[in-house]
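Me: I'm new to this structure and would like a close look at one part of it. Could you take me through helix four and whatever it touches, in plain words?

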Amino acid sequence: MARQISPEQQEMVKYAGMALLVVVALWLVVGYAAAFISSFLGFLYPAYASVKAIESDRKDDDTQWLTYWVVYSAFSLFEFFTDLFLSWFPFYYLAKMLFLGWCMAPIASNGSSFLYSRFIRPFVLKHQKKIDESLDQVGGIAASTLNEAKDLAEQQASEFAAEQVKKSMQSSSADSSSHVD
């Protein structure tokens with residue numbers, strides 16, 4: 001049987017939660033490893049929620065978290081090129097965490113849905129044919145390069161094995177001629 005929480009305890013939990021949020025916010029502004037913490041927090045809950053979504057029978061939660069990961073990937077790519085400049089702003093990691101919180105918010109019109117429908121989806125649909133053609137070309141180049149590497153490795157292995165057999169035969173014939181004397 002679940003234990004009832006008194007109004008005083010509820011109030012205490014509420015204040016403890018707010019205090020924790022303030023500490024995390026301050027840490028993201030001035031603390032050590034703010035980049036790691038903001039990335040970790042932006043990954044941890046969504047990863048857990050994604051596993052739960054995969055295991056559920058509902059489709060809407062799958063779509064919600066797939067959308068989050070598409071936006072998170074686009075943001076990570078953007079951040080890769082701009083982090084050197086943006087990380088110097090005092091409230092950057094706090095702003096990043098607020099942005100990721102908005103993107104993962106459990107509401108229908110969260111940041112991921114907004115950014116995906118407003119920017120990412122139109123861009124991908126407009127350029128989808130070019131993207132697919134480029135991916136096909138890259139796939140062909142990768143397959144060709146992999147086949148060439150495999151052929152070269154087989155040739156090198158064959159030559160190495162032949163050289164080892166030749167050395168072994170020379171060594172054994174030298175050993176047998178030395179025993180004749």
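Reply: Here is a walk along that helix, its partners, and then a few places elsewhere for context.

Before we start, keep in mind that this is a predicted model. Confidence averages a pLDDT of 87 over the protein, and 94% of the residues score at least 70. Among the elements, α3 has the highest mean pLDDT, 92, while α1 has the lowest, 80. Both of those helices come up again below.

The helix you asked about, α4, covers residues 92–104. Let's begin with its aromatic rings. Phe99 sits in α4 and pairs with Phe75, which belongs to helix α3 (residues 60–86), so this contact ties together parts that lie 24 residues apart in sequence. The two rings are 4.9 Å apart, centre to centre, and their planes make an angle of 40°, which puts the pair in the tilted class. Are the two partners equally hidden, or is one buried and the other partly exposed? Phe75 is buried, with a relative accessible area of 14%. Phe99 comes out at 22%, and because buried means under 20%, Phe99 counts as partly exposed.

Phe99 has another ring partner, Trp102. This pair is tilted too, with 6.2 Å between the centres and 55° between the planes. Here both residues lie in α4, three residues apart, or about one turn of the helix. Trp102 is partly exposed, at 37% relative accessibility. So Phe99 takes part in a contact with α3 and in another one within its own helix.

Now for the charged side chains. Lys96, in α4, reaches Glu79, in α3, and this pair links distant parts of the chain, 17 residues apart. Their side chains meet in a salt bridge, at 3.0 Å from N to O. Are these charged partners buried or exposed? Lys96 is buried, with a relative accessible area of 5%, and Glu79 is buried as well, at 10%. Put the pieces together and you have α4 and α3 joined by a ring pair and by a salt bridge.

Next along the helix is Cys103, which also has its place in α4. Cys103 is buried, with a relative accessibility of 2%. If you follow the chain on to Leu115, you are twelve residues further along in sequence, yet the C-alpha atoms of Cys103 and Leu115 are 8.6 Å apart in space.

There is also an opening to look at. The largest pocket has a volume of about 250 Å³. Thirteen residues line this pocket, and the closest to its centre are Leu21, Val24, Leu28, Leu41 and Met97. Helix α4 is one of the contributors: α1 (7–30), α2 (34–55) and α4 each supply at least two residues of the lining. What kinds of residue make up that lining? Twelve are nonpolar, one is polar and none is charged.

With α4 covered, here is how its contacts fit into the rest of the protein. The whole structure holds 13 aromatic pairs. Among the other rings, Phe43, Tyr45, Trp65, Tyr68, Trp69 and Tyr72 are linked by ring pairs into a cluster.

As for salt bridges, the structure holds three. You have met Lys96 with Glu79. Another joins the side chains of Arg58 and Asp60, at 3.0 Å from N to O. Asp60 is partly exposed, with 49% relative accessible area, in contrast to the buried Lys96.

Glu154 and Lys150 form a salt bridge too, at 3.9 Å from N to O. These two are four residues apart in helix α5 (residues 111–180), so about one helical turn separates them. Glu154 is partly exposed at 46%, and Lys150 is partly exposed at 44%.

One more stop in α5 is Lys129. Lys129 counts as exposed, at 64% relative accessibility. Its C-alpha atom is 41 Å from that of Ala33, and the two residues are 96 apart along the chain.

To come back to your helix: α4 shares a ring pair with α3 through Phe99 and Phe75, a salt bridge with α3 through Lys96 and Glu79, and part of the pocket lining with α1 and α2. Those are good places to start when you turn the model around.

Note on methods
Residues numbered from 1 in each chain as written. Heavy atoms only, no water. 1 Å grid on protein atoms, 1.4 Å probe; cavity = no way out; pocket = protein on both sides within 12 Å on 5 of 7 lines; lining within 4 Å. Points joined across faces, edges and corners; volume = space filled by probe spheres on them. Nonpolar A, V, L, I, M, F, W, Y, C, P; charged D, E, K, R; others polar. Phe/Tyr/Trp six-rings, centres within 6.5 Å; stacked < 30°, edge-to-face > 60°. Buried < 20%, exposed > 50% of the residue type's maximum accessible area, 1.4 Å probe, protein only. Salt bridge = Lys/Arg side-chain N within 4 Å of Asp/Glu carboxyl O. pLDDT = per-residue confidence, 0-100.
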